[in-house]
Every structure is written in C-alpha cells, then in structure tokens.
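This report looks at the backbone and the nonpolar interior of one protein chain. Please keep the sequence and the structure at hand while reading.

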Amino acid sequence: RNTAQILDLVTAYPEDARVTDKDGRDKGPFWSGHKRFPRAATYDPTDEAHWTFLVSTTHLLSQMLGGQPRKQEDDEHYAADERDAAWAADLAARLAVPAYHARAVDTSDINANAQESSTAATTSGEADDAAVLERETAAAEAVVDELAAIAARCSTTQQTTTTNGAASTTSVAALVADVQPEDFEKDDDYNFHVDFVASCANCRAANYAIYPLADHDKAKQTAGRIVPAIATTTAAVTGLVMLELFKVVLGKPNTALRTRQIGLGVNVYPSFDADNLIQERTTETLERPDPAGLPEEAFDEKGDVKKSYFDKRVAVAYPDPHSVWTKLVAPDEALTAWRPAELAAWLLETHGLTLTAWNLQTGAVETDDDGKPRPVSTRVYPPAEVLDLRANLPSLDLSKPKAMMHLTKRGIKGSLMMKYLAKWDEFKRRGGVPDPSDLPPPETSTADMTLATILQTKAHLDLRGRRRVLLDGLSCSMRLAASGGAKDGDTAMETDDDEPVDVEKLAPVLLKVVGLDGSAPEGAGAP
C-alpha cells in the first residue's frame, strides 16, 4: 500500500512539478525543503532490506494466526531454514504483485495553497474514489466468503503438523481460532521482531534516499532506548496528568491543581501550586498627544503636557475579565439553523456586542513578497456583493447612462454597479453577450448560508465527528459604561458613552455540533 501511495503522489506531482500562487506567479519547485521526492520500491531479491522484510513479515503473521508452531524461549534454531535470501526468493517467485490502481491525491497537509502545473493522476477513471471503494468492497466481501467456506470445512478437516520433530494432529478449526498477538521482544535475535523493525525502517528510508540504512544492531539499540522511556518517564507523566484530570472531572477549584516535576536523576519529585489563569481585562492607557496642536493652557509650569490633555486609549475585553477557557456558548441550534444575521442578533441581544465584521480563515496560506507566510481569509459578514449577470446585466443596446439607470432601478449602486458596468463594457467590446446559459451562475451569498455551510464551504472544515467548533475572525464593538469623568484635572478625558468601541480581546463563540447526520449541509461542497 505504501508503494501505491507513492505512485499516486509522483504521478500527480512529478519531480519537476512547480508551485504557483493564485495569481499564477511561480513560487518554486514543489519538491523542495522538507518535501523530498519519493521513489516507489520494486522488489529486489538481492536487496537485504526487501527480502528481510518479506521473511520477517511472513513468519510474524504466520505465528500470530497459528499457521506454524510459535517460537519458544531459548530456541536458537527456530525456522533456521526459512530466514535467508534464497528462501525469500523462492517465496517471492510464487507470489503475484497486486495491480496498481491510481487514486486521488490530497496534498492539503503539504501545501494548502499550492497550484501545481502538473496534470493530476485523478483524470483517470481508475482514480475515481467511488470506483476504488466499490472494488475494495468487492475484494473484502470475497475474503469474507472465503473465510466462511473455510469455517464450514473446519469441523471435519484434520491437518498434521510437526513441532520439534514430533508429529501431532490438530484440527484446522483449532488453527484458525488460535490467533495470538506478538509482544515485542528486542533481546531475542531469532523471533524476527527486530528484523521486521529494521527492514521496515530501511525500506521507508530508501523511498526517500535517506542513507546510510540502519543494520540489525542499530535498530535493536534504538528500540532499547524507546521501550524503557515508555515504561518509566512517559508512564509516570501520564499517571500524574490523570491525577490532575480527576480533579477537573470532580469539579475541584483551581487551587487544588498542582504542577509536577520528575527528577529521576536526583530522585526528587516536587509539586507546586498551579499558576493563576491569565485574565484578559479592559485596560486604559494614556497616550501623549502632539504638542504642536495643543493650546497654551495645555502645558504646566515645566512645559510638560497636562495629563488632562492626554489621549485615552481603551482596549476592551469581553467578557471582562476572561481567560483562555472562556467561551460565548451559542444555543444548540445555532450551527445548523442560524445565518450570519441571526448570529449578529444573538451577540447584540445576549452580550451587547455589535458584529462589525467576520473574516474567516480558509485554511490556506499565501506567501508575501517578502517571503513571509500569511493566512488567507474570506469575508463572511457583512456579506460580499454577489454578481448575477444572468438577471441584471443591462442590454448592450443601451447607452451607458441608460445602463446605469437600469441598474439603479434594480437597487444596484456603488461598487456593485461598477462591477456590472465593467462586465457590460467588456461584452460590448466583444460585440455581444454569450448565451445566457453560458454566463456564470451567481454565487450563493453568505447571508443565505447557515453557519455550518459557511464553515464547510469557506473554511473547508469537516464537521463530522466533532462535538464543538469555535468561530474565529469575529470583530465586534460595544458601548462602554460611564467612565466617571476627570478627577482633579489629572486623568484622561472621559469617553463618549454613545460612541461604540472596538472589542480587541473577545472570547470566541462556541457552537455545538448537533443536528448533523455526518454529511455536509445542504448547499455545501466537499470540504
């Protein structure tokens, strides 16, 4: 399966594939930096990593499924005639390589905003996910039928096996049912465990031209460091974390929580009171104004600007105060029933917040001219203006003033009118309008989308399996309470209570994922 995935990847993105941004500018080779170009392996009976993998995997699976006598402790002659290159070559000659079927490639985790110049392998009918799923389902059903037939014969069939030279008769039913897991043991050089680990690591390293490869002793040494770490420090840390989790589940106060340290080298295990949560609060700062624009009475005897003439800057937090754990929890139906207008109404009525903008991150990343990455966002609220050329494009027979009048009568003005007129000019230069059916259909406005649809189509967020989701990119304002005015001419001027102030530190809105059947909402594309 690893070979098939590599073939899919290099077929879709060859070694010379290039990356371009959304404007078509070349951003360099796709395979660069941390992305190494992989090469699929073809079985080579002379390659030690290949035949060792075949030998070790065969014996491990056979032992776990009861297909051969299991290795006993201190048996240094176990499968002595079945662990060399010749035995592997004979076995490989009797095996058929499964046919390769191309599948679609998802590189969103490699470069979310890359647009490669190569032609993806998904153009092949074999790459259709539905066809692949149907083929694999049929193969799985065939295996189930085969196992059922074996089970039907097991009640009467007998099989003779040999263990340490002694003949014994065992029913096939017992062998089929005798399935046991293998517990990793690095200190036994004859149980195929370290051979399997070393061959897997070397085959994977060879795919990416990572050399030199590890030998049996190197793999054994590495495993020797991992297992004790899991059995000591990792286990201790996990246990201490669970103790703190019990306190959270039992509703204990923050003062009951402890920060732990494990000093294995000096045998010291101290505990500390947990630090208090960092609270975001509304703050006021005084900023010294430009003296050039101030009257003479704004200065004291020393020539310094009086504090009463300083500008007051308010950084509003909501709720005030709040921590990283604070959430504005929306009603259960919000995700599937609300649109941005209902979200804005709830924020205003429940929290006194005015939703001024919602710019949702799409999950993609662009690179600025200076080489710095920045997240890409899309405007959700206020809804972006949507062109409907099929319904509103003025007739090309009209003069431009009459075309503008036509749009005005339809309630279209401002920047949206300019967009229509630009299209009108374009078609007039071309000498005509294409068939109305060839005009692009209008996009669905975010004003008409539910919050679930917006998250799936705009942020490409898969809601399946989630219990909750946080909304980011919200910008709100609110009206402040009376500041109390100036005192003794030494404090900042009070803020106009009727003037809304931007909320700079806003707790996120939490939506509960309820009412979804696991599929995308109506009108949503595939994430």
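In this predicted model, Ala 79 is placed in the loop between α2 (48–64) and α3 (85–93), and although Ala 79 is not a glycine, its phi is positive, at about 50°. Asn 267, found in the loop between β6 (258–260) and β7 (271–273), likewise has a positive phi, of about 60°, without being a glycine. Are these two residues buried or exposed? Ala 79 has a relative accessible area of 15% and is therefore buried, since the cut-off for that class is under 20%. Asn 267, with 55% relative accessibility, counts as exposed because the corresponding cut-off is over 50%. Such backbone features deserve a note because most residues other than glycine have a negative phi, and most peptide bonds are trans.

Two cis peptide bonds are set out below, with the loop that holds the proline of each.

| Cis peptide bond | Omega | Place of the proline |
|---|---|---|
| Tyr 318 to Pro 319 | near -15° | loop between β9 (311–318) and β10 (328–329) |
| Asp 320 to Pro 321 | about 0° | loop between β9 and β10 |

Turning to the interior, the largest nonpolar core comprises 36 residues, and those with the most contacts inside it are Leu 335, Trp 358, Val 509 and Leu 511. When residues up to four places away in sequence are left aside, Leu 511 touches Ala 330, Ala 334, Leu 335, Leu 451, Arg 467, Arg 468, Val 469 and Leu 471. Apart from this core lies another, of 13 residues, which includes Leu 416, Tyr 420, Leu 421 and Trp 424.

Technical notes
Residues are numbered from 1 along each chain as its sequence is written. This is a predicted model: local features need pLDDT of at least 70, side-chain atom pairs count only at pLDDT 80 or more; totals for chains, interfaces and linings use all residues. Side-chain values use heavy atoms; hydrogens and water are left out. A nonpolar core is a set of buried Ala, Val, Leu, Ile, Met, Phe, Trp, Tyr and Cys residues joined through side-chain atoms within 4.5 Å. Buried means under 20% relative accessible area, exposed over 50%, partly exposed in between (1.4 Å probe, protein chains only). Contact means heavy atoms within 4.5 Å. Helices (H or I, at least four residues) and strands (E, at least two) are DSSP runs, numbered from the N terminus.
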